[in-house]
Amino acid sequence: MGKNKFWEKSKALIVTNALLAAVLIIAGVLYNIESEFLFYEISFLLLITIAASVISYRKNKEDISDTNEKETEDIRDTRWEQMREKEDFFALWAHQIKTPIAALKLLFQDEEPSIGDCKRELFKIENYVSMALNYLRFEDMSGDMVLEKCQLEPLIKQVVKKFSTIFIYQHLTVELKDLDKEILTDEKWFSFVLEQVLSNALKYTKTGGIKIFARDNAGIEIVIRDTGVGIKSEDLPRVFEKGYTGYNGRIDKKASGLGLYMCKGACDKLGHKIRIESEVGRGTDVIITVLREKISASDVKRY
């Protein structure tokens, strides 16, 4: 790379002086110019070319050094930013996980703690630990993905079953409809997205229930619909930002703003789309769109 830049910067001078030397030699032959004079002229041109080339080479080395220093600085800044991002994530994560740990500690202080309550808090801790492990794998997600055709209904049933204790405890209904579809995705990461969305829906739904269904549109849309508190219109554009909790999060005091942020990142890398439609007091729809056209592994890695 350095040699190429050196040649690009010096070739005009070298070629011009070479041509001038050739012209002097031809003129000397044609007009009987003394060879001694020609020798000095050509030597002078050669010295100028060498001196200019040396200066150019040194300047080129300085430019390369500056570029390398800038690249090193950019790499250092990127790594520093990644470290800061991880610190921010685990600061928020620690804030979130301490709530079920404290609740479990209080439950164990009772002489006869409720088994159901203990299971619920343990389930929350398990989910937060799973989130942290997935976050650590998040940066190398593309290399960890296996795209394959999956049957949607059993995949969703498996995720819902994981939350059965919470549904029962909160007396919420669950309805699955029109899920006899086949999608191209990574089963593990798609399940992770569903788990985060379902966890949020259960957190903010006190009565009624959750309905999950699929419909055909600009692809296959998987809709997770709850009858919860809903999201304010001013919060909707920012729900996928890292650490953003909005009005509901400020009221709840337990939200970290990590779940939806990771859902958006995972969907982007999978080649899926995710959006939210909501109205305060009337519930929320989280819509994941899996495109119909075939997606290859190379397409996904571009994200």
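These legends walk through several close-up views of one predicted model.

**View A. Helix H9, tucked inside.** Here we're looking at helix H9, which runs over residues 259-270. Ten of its twelve residues are buried, so the rest of the structure largely encloses H9. Among those buried residues are Gly259, Tyr261, Cys263, Lys269 and Leu270. The length works out too: at 1.5 Å a residue, H9 should span 16 Å, and its end C-alpha atoms are indeed 16 Å apart. Right after H9 comes Gly271, with a positive phi near 85°.

**View B. Two loop residues with positive phi.** Most residues other than glycine have a negative phi. His171 goes the other way, with a positive phi near 55°. You'll find His171 in the loop between helix H6 (164-169) and strand E2 (173-177). Is His171 buried or exposed? With a relative accessible area of 69%, His171 is exposed. Asp178 also has a positive phi, near 55°, and sits in the loop between E2 and strand E3 (182-185). Asp178 counts as partly exposed, at 49% relative accessibility.

**View C. Salt bridges at helix H5.** Side chains of opposite charge can pair when their charged atoms come close. The structure holds eleven salt bridges, and this view shows a couple of them. Lys157 and Glu153 meet in one, at 3.5 Å from N to O. Both lie in H5 (residues 152-162), four residues apart, or about one turn of the helix. Lys157 is partly exposed at 43%, and Glu153 is partly exposed at 29%. Lys162 pairs with Glu195, with 3.3 Å between the closest N and O atoms. Lys162 belongs to H5 and Glu195 to helix H7 (residues 187-203), so this pair ties together parts 33 residues apart in sequence. Glu195 is buried, with a relative accessible area of 14%, while Lys162 is partly exposed at 30%.

**View D. A loop joined to a strand, plus a network.** The side chains of Lys181 and Asp216 form a salt bridge, 3.3 Å from N to O. Lys181 is in the loop between E2 and E3 and Asp216 is in strand E4 (residues 209-216), so the pair links parts that are 35 residues apart in sequence. Asp216 is partly exposed, at 48% relative accessibility. There's a network to look for as well: salt bridges with shared partners join Arg215, Glu221, Arg275 and Glu277.

**View E. A nonpolar patch on the surface.** Which residues make this patch of about 250 Å²? The answer is Val129, Leu133 and Leu136. Val129 lies in helix H3 (residues 115-138) and is partly exposed, with a relative accessible area of 36%.

How values were computed: Residues numbered from 1 in each chain as written. Predicted model: local features only at pLDDT ≥ 70, side-chain atom pairs only at ≥ 80, totals over all residues. Heavy atoms only, no water. Patch = residues over 30% accessible without salt bridge, like charges linked within 9 Å, V, L, I, M, F, W, Y side chains within 5 Å. Areas by Shrake-Rupley, 256 points an atom, 1.4 Å probe, with all protein chains shown as cover. Salt bridge = Lys/Arg side-chain N within 4 Å of Asp/Glu carboxyl O. Buried < 20%, exposed > 50% of the residue type's maximum accessible area, 1.4 Å probe, protein only. Expected span 1.5 Å × (residues − 1).
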